[in-house]
Amino acid sequence: MDKSKYLNDKPTDLDFDRREEKEIDELDDFPEKSSGLNPLVNRPPTKLISPFIPKSFSQFLNLLKISSSLGLSLLTRKAYIWGNPVIVHIEPTSLCNLHCPLCPSGNGELTRERSKMTFEQFKTIIDKLPSTVRMLLLWNQGEPFLVKDFTRMIRYANQKSMYIVTSTNGHFFRKPEEVENIVASGIDEIIISLDGADQESYQKYRIGGNLELVTKGVRNLAKEKSRLDLNKPLIHLQFILMKHNISQREQMIRMGKEMGADKLSFKTLQVTNWKQGEDFLPKDSTFTRYEGKTADGIYKTKRRKLFPNDCLRLWYSAVINCDGQVSPCCFDKDGQYSTGNLFDSEFSSIWRGESFQNFRQTLLDSRFALEMCQDCTEGLKNLYPETIDYHKS
C-alpha cells in the first residue's frame, strides 16, 4: 500500500481547506450573550449519565442478563451471552484531515477501505439497534465532522433517548451557523483532542493541524451554549501525554478554563513498538500506561490481575464501522475480526451469532492469543492519570 498519498496529500473532497487566517477572523464575529456575565463560566453544569444505571425495569432486566452471562462465562470459561449491549460505537467515517503519526487513519496504515457512512446507512443502523443502548459513541478511526450529514445523524439518533458522544480534532467549529447547528443538534458531549499549549508542541503529533483554529472553535462552542441557554454539549478537552508536551500540563489547565471547557482529561499514549515509545512516551512512568517492556521491545501495560482472560466490553458493547461491519471492539482497527455486516443483517443475529461467540470464547481461552488485545485499555490502571472538572475547580 502506498502510504505517501495519506501522509503527503490533503483530502480533496472533505469540505476542509487551509485558509485558516480567513476562517480564524470569521470566528471572532460570534455574538456574546448580553447578560453582562462571562458566558464561558456562568452556565449550569452538564449532567453526566452512566449507561450502567437503569432508568426502567426493562433496562434493569437487561443489565441483569448481561452481568449474569458475563459472570457465568468467567466462572465456566465458556462464552454465554444474554441481554443486549448498553454502549455502541458507530464510525461515521474512516477518513481524517490530519496525519497523526500513531493513528492508522492518519499515518496510512489502515488497511480497510476508506469511506463515509451516508445518512440512510446511519438511519438503518440506528433503527436496528436494540432499545437497551444507553450510550452512543460516534467516532472510531476517522474525523466525524468530515461527514456532511453528521449533525443530521446526531439529531436522528437523539430521538432514541441515548447519551450521544463524539470525538473530534476540533477543526470544524468555524462559522456561526455551523456551531449553532452542532450545539442545537442535541449531542451530549464533544471530546476535543488538544495535545499542546502552543503550535510548535501541538503540531508535533497533530500533523497538519492549527492550534489557533481549534482553541477559537472551543470558545465558540462555549459561547453558543450560553447564547442558547443550554447545558450541553459537555465540552471535554483531551490531552494525550507525550514526551514533548508533558511540561505543558499546568498551562493546558489554565487554557481549558479560559476557553470555557467543562472538563479536561490527561490521557496516556498508546504505542505499538519500541521506536514509537522512544519517540513519544514520557520518561516518568506515572504518565504512561506501561510498566516496562519485554526483551523484544514489546511494552507491557499496567492492568489488574484478577481475571487475566476477560473483557467486559465484549458483553456490554459493540463497534459498527462506516462500511457496516461489526467489530468486537475499537481495537480491531482494520476489521480483521468482523462478526457480520449490519447493513444486510439484524443486530441480534450478529450479537449472538457464531462469529461473535467464537471471538468471546477465544478471549476466555487466552487473551494472549489475540494480538489486538495485548495493548487494549480494558482493565488498564492508568488510562487517565488526571481529570479536571472546571465546575468543581
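Let me start with Arg289, which sits in the loop between helix H10 (274-280) and strand S7 (290-293), and I should say at once that we are looking at a predicted model. Although this arginine belongs to a loop, Arg289 counts as buried, at 3% relative accessibility. Its side chain has a polar atom 2.5 Å from the backbone oxygen of Thr268, and the side chain of Arg289 also reaches the backbone oxygen of Leu269, at 3.4 Å. If we set aside the neighbours within four places in sequence, Arg289 is in contact with a number of residues, including Lys267, Gln270, Lys300, Asp375, Thr377 and Asn382.

Now to the empty space inside the model. The count comes to 2 cavities of 30 Å³ or more. The largest has a volume of about 40 Å³, and among the residues that line this cavity are Cys311, Cys329, Phe331, Met372, Cys373 and Cys376; by class, its lining has 9 nonpolar residues, with no polar and no charged ones. The second largest cavity, at about 30 Å³, is lined by Pro51, Gln59, Asn62, Leu63, Val86, Thr132 and Arg134, which by class gives 3 nonpolar, 3 polar and 1 charged residues.

With those cysteines in view, how many disulfides does the model have? The count comes to 0. Take Cys329, whose sulfur has its closest cysteine sulfur in Cys330, 5.1 Å away, and is therefore too far for a bond, given that a disulfide needs the two sulfur atoms within 2.5 Å. Cys329 is buried, at 6% relative accessibility, and Cys311 is buried as well, with a relative accessible area of 5%.

Technical notes
Residues numbered from 1 in each chain as written. Predicted model: local features only at pLDDT ≥ 70, side-chain atom pairs only at ≥ 80, totals over all residues. Heavy atoms only, no water. Buried < 20%, exposed > 50% of the residue type's maximum accessible area, 1.4 Å probe, protein only. Helix = DSSP H or I, 4+ residues; strand = E, 2+ residues; numbered from the N terminus. Polar contact = N/O pair within 3.5 Å; in protein donor to acceptor, adjacent residues only side chain to side chain. Contact = heavy atoms within 4.5 Å. 1 Å grid on protein atoms, 1.4 Å probe; cavity = no way out; pocket = protein on both sides within 12 Å on 5 of 7 lines; lining within 4 Å. Points joined across faces, edges and corners; volume = space filled by probe spheres on them. Nonpolar A, V, L, I, M, F, W, Y, C, P; charged D, E, K, R; others polar.
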